[in-house]
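The following exercises are meant to be worked through with the sequence and the coordinates open side by side. Each task is followed by a solution that proceeds step by step.

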Amino acid sequence: MTCDAIAIEGGHLVDPVAGVDAPRDLLLQDGKVFAVDKPGAFRSADVARRIDARGCWVVPGLIDLHCHLREPGYEYKETVASGTAAAVAGGFTAVACMANTNPVNDSAAVTRFILERAAEAALARVYPIGALSQGLAGERLAEIGEMRAAGIVAVSDDGNPVADAGLMRHALEYCAMFDIPIIDHAEDPGLAGGSMHEGRTSIRLGLRGIPAAAEEVMVSRDIALAELTGSRLHVAHASTRGTVELVRAAKARGVRVTAEATPHHFTLTDEAVAEYDGNAKMNPPLRGGNDREALVAGLADATIDAIATDHAPHHRDEKEVEFEHAAFGIVGLETALPLSLGLVERRLLTPSDWVRRLSSRPAEILGVPGGNLRPGAIADVTVVSPAAEWRVETGRLKSKSKNSPFLGWKMKGRASFTLVGGRVVHEGVER
Amino acid sequence: MPFTQRHLLGLEGLAAEEILHVLDTAKSFVEISERDIKKVPTLRGKTIINLFYENSTRTRTSFEIAAKRLSADTINISASSSSAQKGETLADTARNLEAMRPDAIVVRHPSSGAPHVLARAVSRPVINAGDGQHEHPTQALLDLFTIREKKGRIAGLDVAIVGDILHSRVARSNLFGLCALGAKVRLVGPPTLLPAEFASFGVAIHHELKAGITGADVIMMLRIQRERQGANFFPSLDEYSRLFGLDRAALTAAKPDVVILHPGPMNRGVEISSEVADGPYSLILDQVTNGVAVRMALLYLLAARGRTEAERDAEERAAS
């Protein structure tokens with residue numbers, strides 16, 4: 001054995017791709033999974049480090065399909081370094097970052113810049129997502145082929161809906177050439193413009209609402225376009241019952257559509273806005289109780305393929321203002337693991353389902369390595385302490401921004417160890 | 001039950017007893033405005049800041065007169081002269097004002113929830129003088145006061161609120177206040193301006209004026225804003241007026257002793273005809289008169305109260 005070998009021993013391995021949900025030890029070497037075997041099998045192996053995973057789940061590293069690292073341009077909110085520090089603390093070994101930086105990631109030069117910053121400063125793997133349109137303006141296609149060659153894994157105008165159906169159609173057709181998905185921020189511009197979900201709470205607070213139909217109209221259109229073009233559509237941050245039903249029906253027809261949901265959408269409802277809490281403002285907004293239940297059901301029956309964070313850091317000054325002027329978005333990388341484990345605890349997901357939603361399916365959708373721990377796979381591993389309890393406090397969040405509606409919440413479950421390429425990049429203290 | 005709120009941000013959630021306490025207190029202040037010398041020393045040495053981010057004649061004047069009749073010093077700050085134009089945040093403005101030790105801050109703001117931002121930033125009492133499309137609690141309190149003066153009670157009355165309910169802070173505050181005091185509330189307006197979710201607050205919804213005001217004891221007409229026409233909430237003011245304008249003919253559906261309220265400013269000939277506005281059922285000017293007494297009561301209840309120990313500690317910490 002070489003000296004950088006690591007043994008993870010005593011844990012419970014959950015690898016849905018390999019079909020394993022059993023006590024197994026893991027031997028990592030040269031950045032790869034070297035062997036998976038019965039407990040104790042590597043007791044006499046010559047390794048540089050042994051990780052005691054007793055009481056823990058050992059799972060393929062979590063992959064976040066959807067986050068905002070804010071670099072370049074908004075380094076006061078987050079950087080590649082701080083965002084990936086938050087990622088690994090939250091158990092994520094890879095993140096796909098959206099293009100709404102400044103400048104926008106709509107060219108190979110910006111893609112390369114992000115990847116260079118990642119090579120210098122990132123603790124997790126960083127997969128840039130390219131803009132669909134130049135400047136996210138929704139008018140002309142960005143140079144998707146150039147960006148693909150530079151390393152993008154998907155295309156999205158996230159943050160801005162693609163209003164022009166013709167542009168969306170061409171983007172879908174064009175991307176088929178590279179076999180990368182279009183990640184759809186579905187929101188009809190004519191129905192947008194509000195600052196929270198349209199419903200009883202928006203009425204009570206006198207805030208302009210964003211109806212569920214704003215999302216459903218667009219999901220409906222884009223599913224039709226995916227069907228027309230035969231291309232891959234990935235619905236970002238599904239938030240409504242109608243979206244879940246549209247995706248379920250489209251999948252049944254064989255449309256190449258996948259979908260993600262965020263922990264905040266399947267955990268909270270619009271009532272969390274309470275008395276104008278800017279940390280409960282995001283787009284799409286927190287929806288009603290029926291929507292939340294539909295998302296959970298969609299995750300349980302795999303209509304929703306993945307759990308993604310939509311980690312959207314914003315400075316406190318952008319949140320402590322009048323609600324309608326507060327920035328959209330919340331941080332999520334460090335709370336996604338416990339919030340989603342709650343679905344396992346409530347027996348809505350099996351541990352294998354949970355790993356599928358947070359690792360295996362994201363890897364498949366983005367076409368990136370990881371998502372399994374079979375011998376030869378990259379050694380991206382998360383050691384999860386499902387019973388560890390902790391409280392969300394600004395002081396312990398690694399993200400530069402603390403805009404979370406979960407501040408003060410008691411969480412159950414955390415990443416005890418996060419390994420990227422066989423290297424320990426995060427060690428939690430508590431078990 | 002005494003009035004124990006630290007701020008007056010809205011009527012939602014207030015107990016009937018608290019609202020009645022404000023109305024009773026207001027009643028005791030009415031007489032001051034009838035005197036030859038309209039001044040009492042109740043708030044002498046107190047400072048009230050009127051922070052207005054939105055134009056207002058009636059409400060600002062009413063608050064200012066109320067404060068002056070109680071001998072408080074008042075400062076009016078309007079958005080055009082404030083730091084808002086220099087990019088200062090609301091919370092920073094609030095902290096700066098608080099550093100000058102006012103005894104209450106009255107705020108009007110075009111954004112719903114702005115008084116909540118202010119109240120989180122300062123320790124002194126904040127009085128909401130109208131925030132966006134959320135609440136206008138002092139308007140509703142003066143409406144309740146006026147109704148009670150005329151009808152002797154609120155409980156059991158049939159009250160119709162007519163017009164642009166969706167965008168109306170007056171409608172929301174009245175809805176919460178009237179329901180708390182046991183009135184039966186109907187909301188009347190086109191579906192574009194009266195979403196079905198309003199029914200979840202325990203009120204009846206009507207999209208036809210006549211049905212909505214049939215048998216009503218009180219009709220509260222809301223101002224229709226011209227800019228709603230451009231946003232396609234209705235096709236034209238003419239059509240709106242034909243469907244929801246209150247004239248003498250429509251009024252026959254209500255109870256014979258119906259009273260009419262309007263928070264002002266009125267669009268004569270649009271939501272209300274002049275003969276109704278100036279007619280015998282109209283309480284529109286009584287509302288304005290009573291507004292002073294109600295605001296005196298609130299300033300008294302909130303600003304006369306000394307600083308609590310916690311507030312004093314917070315101020316000392318901030319000063320050191």
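**Exercise 1.** In the predicted model, find the hairpin of E19(A) and E20(A) and state which residue of E20(A) is the bridge partner of A:Phe417.

Solution. Begin with strand E19 (residues 410–420) and strand E20 (residues 423–427) of chain A, which run antiparallel and are joined by 4 bridges. Within this pairing, A:Phe417 has A:Glu427 as its bridge partner. Then turn to the connection, where 2 residues lie between the strands and A:Gly421 adopts a positive phi near 60°.

**Exercise 2.** Determine the order of the strands in the open sheet of 8 strands in chain A, and say which strands are at the edges.

Solution. Following the pairing across the sheet gives the order E8-E9-E10-E11-E12-E15-E16-E17 in chain A, with parallel pairing. The edge strands are E8 (62–67) and E17 (306–307) of chain A, each of which pairs on one side only. At the E8 edge, 4 bridges connect E8(A) in parallel to strand E9 (residues 92–97) of chain A, and A:Ile63 has A:Ala94 of E9(A) as its bridge partner. Finally, add helix H4 (residues 165–176) of chain A, which lies across strands E11 (154–156), E12 (182–184) and E15 (233–235) of chain A and runs at about 145° to E12(A).

**Exercise 3.** Describe how the two assigned domains of chain B are placed and how they touch.

Solution. The domain assignment divides chain B into domain 1 (16–135 + 290–319) and domain 2 (137–287). Taken over C-alpha atoms, the centres of these two domains of chain B are 27 Å apart. Their contact draws 20 residues from domain 1 of chain B and 19 residues from domain 2 of chain B. On the domain 1 side, the elements that contribute two or more residues are helix H1 (16–30), strand E4 (126–131) and helix H12 (284–303) of chain B, and the residues on this side comprise 9 nonpolar, 7 polar and 4 charged.

**Exercise 4.** What radius of gyration would a compact globule with 320 residues have, and what is the value for chain B?

Solution. For 320 residues the expected radius of gyration is near 20 Å, and chain B agrees because its own value is 20 Å. The C-alpha trace of chain B spans about 65 × 45 × 35 Å along its principal axes, and 48% of its 320 residues are buried. Among contacts in chain B between residues at least 6 apart in sequence, 74% join residues at least 24 apart.

Key
Residues numbered from 1 in each chain as written. Chains lettered and ligands numbered in written order. Predicted model: local features only at pLDDT ≥ 70, side-chain atom pairs only at ≥ 80, totals over all residues. Pairing = 2+ DSSP bridges. Domains from an automatic or database assignment. Contact = placed C-beta atoms within 7 Å. Nonpolar A, V, L, I, M, F, W, Y, C, P; charged D, E, K, R; others polar. Rg over C-alpha atoms; globule rule 2.2 N^0.38 Å. Buried ≥ 20, exposed ≤ 12 C-beta atoms within 10 Å, placed from the backbone. Axes fitted to C-alpha atoms, helices over the stretch in contact; angles between N-to-C directions.
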